[in-house]
Structure formats: C-alpha cells, structure tokens
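User: I would like a close look at a single part of this model, the charged side-chain pairs. Please put them in the context of the whole chain.

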Amino acid sequence: MTFSVHNLSVTLGKSLAVDGATVTFRHGKVTAIIGPNGAGKTSLIRALVGLVTHSGSVVLDGHALSTIPVSEKARRIGYLPQNGSPAWNVSVRELVGLGRLPHRNRFAALNTGDHAAIDDALHATDTVHLADRTIDTLSGGEQARVKIARVLAGNPEWLIADEPLTNLDPPHQRDVLALFRAAADAGQGVIIILHQLSAAARIADDVIVMKAGRIIAAGPTDQTLTPEALEDAFGMAFERVAHGKQVAILPLA
C-alpha cells in the first residue's frame, strides 16, 4: 500500500502554503511531520485527505485520490483535525460511533462489529468511563482523547492526525503515542504532525521537516531529525541526546 504526493503545491489566498512537495509515506510506519508554525504542515495533510485544492498529484495505491469515491476514502483514511468539534452535543459513545459511518449503510443500526470497534477504541484511549457523558462536560484533554477514539473506531488503513497531543497531559501524551505506534506495528500507516521533537524521535520511523512550504528533509528518523536540519527549519540550535534507548531533542540557548 502506498500513499504519495508529487510536485504538490497548495495556495491559500495569495500565499503558497505548500511549494512543490514530493514524498512517499510508508504503510505500517509512523511518519512525523515537523516544522515551525506556518511551514505548511497542515496544508500538506489536508491535501492528503482531499480537503484543499492543489496542483500536482496525490496518489493512493496507484490511483489519484480525486478518482476514489468519497465513501471509500472515508473507510481507508481516518483524519483527526487540529480543532475539530462536533456540530451538536452528543454522548461520547455516540461521537465515537460516528467513526463507524463509512462502514454502514445509510441509516443502518450499529451491528455487533460496530459495537466491538467502539468498545475497543474507548478502551484504547482510556475513555470508557466517559462513554455516557456529553461532549460539553469534558475537559480539553478528555475531548482530545475521545476524538482520537472516533478515528480509531473506523479502523482505517491510514491514520492522519494534526497535532494529536494538544491539550494532553504527559501520561496521556505517552499513551496516545503508544496507540499510534501500535497502529503502525499492526500494519496501519500513521502520519502525524508533531511539535514535540523528542516525541517524534521516539515514535517515528520517518520524519518530514518543512520550512516555508517546502520539504527540506525527508526520510528515516535518524537521518532527518538532525541538529543541522532542525537549525535550518527553526533558526536555532538543537542537541540530540541519547539516554539508553531514549532520544531527546533539546533546544540550545
């Protein structure tokens, strides 16, 4: 299974948000996209899910994304936007259940498989105890975990998430990263935007570094998440520190 973009450009208003990006994402791997604010990270992944117009190509398993039926794309690609909020106030279980919509006939009731997928997603995100509460009663961190559960419930081939660690405390950041790692190890493709550079070093197989709309480095993490690439992207010095099997990326004053 392959997912790639070739010479992709995205224009927002008068600004070139993505400028000639070419990259292939590996299925069964975690790809972290990093870069400063305004680098084009969100525009790149929105092109991957067909939410912005663009020039160049987005290709999924040899087929242009634009030629794949919407229902099929919804089954194959799970997208977690940065600030997605439900349009109406529903229970946590109902919201997570929306992740099953691409797998059901219109207006069909949830079946045994749907309920099992919802239960698995709630357990995976530590939100079982929230299942009967409505979204408006949850904290920001709880809402973030529930939104992740909604995407997981759909069991997509590709999980694409825009800053999924926002509003999460350190223990839940750790647990969510472990979820994405486990999804990739189970064969799903995972593409995530991260601002936590040390988290990218720990979880990602591949890293894409962006700056001013362009991809300035892409490839295996140990080859791309380097002090040199980070200084180029962020305009400041970084140090890569290894402690046992753990790696930390530290900014230098």
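With which residue does Arg-76 form a salt bridge, and how far apart are the closest N and O atoms?

Analyst: The model is predicted, and the distances below are computed from it. Arg-76 forms its salt bridge with Asp-61, and the closest N and O atoms of the two are 2.4 Å apart. The pair links distant parts of the chain, 15 residues apart. Arg-76 belongs to helix 2, which covers residues 70-76, whereas Asp-61 sits in the loop between strand 4 (55-60) and strand 5 (63-64).

The two partners fall into separate burial classes. Arg-76 has a relative accessible area of 11%, which is under the 20% limit for buried residues. Asp-61, at 28% relative accessibility, counts as partly exposed.

A second pair is formed by Asp-114 and Arg-100, with the closest N and O atoms 2.9 Å apart. Asp-114 is part of helix 4 (residues 112-124), and Arg-100 lies in the loop between helix 3 (92-97) and helix 4, so this bridge ties together parts that are 14 residues apart in sequence. Both Asp-114 and Arg-100 are buried. Elsewhere, salt bridges with shared partners join Asp-61, Glu-72, Arg-76 and Glu-157 into one network. The bridge between Arg-76 and Asp-61 therefore has both its residues in that network.

A third pair spans a long stretch of sequence. Arg-26 forms a salt bridge with Asp-206, and their closest N and O atoms are 2.8 Å apart. Because Arg-26 lies in strand 2 (residues 15-26) and Asp-206 in strand 9 (residues 206-211), the bridge ties together parts that are 180 residues apart in sequence. Arg-26 is partly exposed, with a relative accessible area of 38%, while Asp-206 is buried at 8%. These pairs belong to a wider set: a search of the whole structure finds 13 salt bridges.

Two uncharged residues add some detail on the surroundings. Leu-44, in helix 1 (residues 41-48), is buried with a relative accessible area of 0%. Leaving aside residues up to four places away in sequence, Leu-44 touches Val-5, Leu-8, Val-18, Ala-21, Ile-33 and Met-210. Met-210 falls within strand 9 (residues 206-211), the strand that also holds Asp-206. The C-alpha atoms of Leu-44 and His-54 are separated by 9.7 Å, with their positions 10 residues apart along the chain.

Ser-4 lies in strand 1 (residues 2-12) and is buried, with a relative accessible area of 19%. With residues up to four places away again left out, the contacts of Ser-4 are Val-23, Thr-24, Ser-57, Val-58 and Val-59.

As for the whole chain, the protein has nine helices and 12 strands. A compact globule of 253 residues would have a radius of gyration near 18 Å, and the value for this protein, 18 Å, agrees with that. The C-alpha atoms fill a box of roughly 55 × 45 × 35 Å along the principal axes. Of the 253 residues, 46% count as buried. Among contacts between residues at least 6 apart in sequence, 63% join residues at least 24 apart. The protein exposes about 12,200 Å², of which carbon and sulfur atoms supply 52%. There are 23 positive and 24 negative charges, and their mean positions are 4 Å apart.

Notes. Residues numbered from 1 in each chain as written. Predicted model: local features only at pLDDT ≥ 70, side-chain atom pairs only at ≥ 80, totals over all residues. Heavy atoms only, no water. Helix = DSSP H or I, 4+ residues; strand = E, 2+ residues; numbered from the N terminus. Rg over C-alpha atoms; globule rule 2.2 N^0.38 Å. Buried < 20%, exposed > 50% of the residue type's maximum accessible area, 1.4 Å probe, protein only. Contact = heavy atoms within 4.5 Å. Areas by Shrake-Rupley, 256 points an atom, 1.4 Å probe, with all protein chains shown as cover. Lys, Arg positive; Asp, Glu negative; His and termini not counted. Charge placed at Lys NZ, Arg CZ, Asp CG, Glu CD. Salt bridge = Lys/Arg side-chain N within 4 Å of Asp/Glu carboxyl O.
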